[in-house]
Amino acid sequence: MTAAPSGVARTFDPDQPARLHPLVALREESFGALAYHYGERRLVFLKTPALVGVLEDLERHESARAAVAAHVEVDQVEDYVRALARLFDSGVIDGR
Amino acid sequence: MGADASLRDRFELGLEAPICLTWELTWACNLACVHCLSSSGRRDPRELSTDEAIALIDDFAAMQVFYVNVGGGEPTIRRDFFELLDHAVARRVGVKFSTNGTRIDRARARRLAAMDYVDVQVSIDGANAAVNDAVRGAGSFDAAIAAMRQLADAGFGRFKVSVVVTRANAAQLDELAAIADTFDAQLRLTRLRPSGRGVETWDELRPTAAQNRDLYHWLLDHPDTLTGDSFFHLSALGEPLDGLNLCGAGRVVCLVDPVGDVYACPFAIHDQFYAGSVRAEGGFATVWRDAPLFTELRAPTSAGACASCGSWDACRGGCMAAKFFTGLPLDGPDPDCVHGHGLAATPRAVPLVLQPRHARASAVVASAPA
């Protein structure tokens, strides 16, 4: 994957390895979790526990899609990949 | 963050830790703003010691409170201010602090600019000295502008210019935005509350209904303006303003005052909204999780007298503190209800303003709303 100078890829490719951004912390909540990006000073709401599981597991899988597949049913994979794309755009996750 | 009904429903039930925690570090202040929420002026000898403040920061870190809004009084007056700031940043508790700017000299501006996870909000309450100083005191406008210049020169980055919207400055929003732009800063507008010394000045300073309508449209036209979700009562005018549009008191919001007393929100400093003390067994975490008051506030909201109003979903009855301190029932309309229902509501006997737990130079008594 071609990385920008900051190490952040420009567009999200679910078939590439991903990680939770090092400046992001997760706090579990009843509905899922809050993610806080210390660099962007941005709070993001993760609305399902499965999505939290995916984020916590990203680095253990060879691709973002593989991390999703490990946590949700097959028919939900594309929804979760789209959710990851939004989290990528807001800096919560990036390529590795 | 747009309005999201499912998320709002979850937030109504409370969070594991606050996402908007205000920590007033001291009551000491070199100004005496006429609308001060905490009636600040003199330091109280019982204020948290440095060790207690450090321990509280550690509690915040353990609960993953991502950031705290630090205020006062004037927080920079505390001699250990930078020590506390350094400790918070080291523990990854971000700090957004409000200041009147009088103590932000070149050296302090540079020190702040070198810190991670620190945001600064410099307060002005008018776009010129005449309007600002009438509220904040002689010389306060020039001092705040000088502080903004120091921060900009030190390369602090995008600090905030924080303004309480009043009848006197409501027509100056464009000029206030221009001041923020001058320093590449971000404008933050918040609502005047009838709390603290604001009880006495609310009738005179609160924006008129027409000004509130103009403000609503101005906010829609300027979505980059920060508001701290302050004007959700105006969302009843049409499309919702950005934010959760929910009273967060005790659910996502709370206040820790200089002696460690915890209240449901920074605008509700009164015995009725007192949840406990961080000095008690179990500390802040126990107060946040178990205070009976907070459990009560996390129950689903009843629409009360607003049940028949089509705007209930938009404004949820507005601000609890604004109702309380103007003598309105808590399960009824906000005093600034955009449909005028607040005017029609019957005020109960107005409560005496709390004689705060800190020593105060002079007691203030609420006057009945006009």
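**Loops, a helix face and a chain contact**

Student: Buried or exposed: which is B:Asp184?
Tutor: Count C-beta atoms, placed from the backbone: 20 or more others within 10 Å make a residue buried, 12 or fewer exposed, and anything in between partly exposed. B:Asp184 has 11 others within 10 Å, so this residue is exposed.

Student: And what kind of model is this?
Tutor: Residues are numbered from 1 along each chain as its sequence is written, while chains are lettered from A and ligands numbered from 1 in the order in which they are written. Local features need pLDDT of at least 70, side-chain atom pairs count only at pLDDT 80 or more, and totals for chains, interfaces and linings use all residues, the model being predicted.

Student: What is the phi of B:Asp184?
Tutor: Most residues other than glycine have a negative phi. B:Asp184 sits in the loop between helix H7 (173–182) and strand E6 (186–191) of chain B; helices (H or I, at least four residues) and strands (E, at least two) are DSSP runs, numbered from the N terminus. Here the phi is positive, near 55°.

Student: Where in chain A is A:Arg41, with its positive phi?
Tutor: A:Arg41 isn't a glycine, yet its phi is about 55°. It has 14 C-beta neighbours inside 10 Å, so it counts as partly exposed. Its place is the loop between strand E3 (32–37) and strand E4 (42–46).

Student: Which residues does the cis peptide bond join?
Tutor: Most peptide bonds are trans. This one has omega of about 20°, and B:Gly73 lies in the loop between strand E2 (67–71) and helix H3 (81–90) of chain B. The pair is B:Gly72 and B:Gly73.

Student: Back to H7(B): what arc do its buried residues fall within?
Tutor: Those buried residues are B:Leu173, B:Leu176, B:Ala177 and B:Ala180. Take the directions from the helix axis to the C-beta atoms; seen down the axis, the buried residues line one face of H7(B), because they fall within an arc of 100°.

Student: Which exposed residues are on the face turned away from that side?
Tutor: The buried residues pack against strand E5 (160–165), E6 and helix H9 (209–221) of chain B. The face turned away carries B:Asp174, B:Ala178 and B:Asp181.

Student: Which strand gives the most to the side of chain A that touches chain B?
Tutor: Contact means C-beta atoms, placed from the backbone, within 7 Å, and 13 residues of chain A are in contact with 12 of chain B. Strand E2 (24–29), E3 and E4 of chain A each supply at least two residues of that side. With 4 residues, the top contributor is E2(A).

Notes: Two residues are in contact if their C-beta atoms, placed from the backbone, lie within 7 Å.
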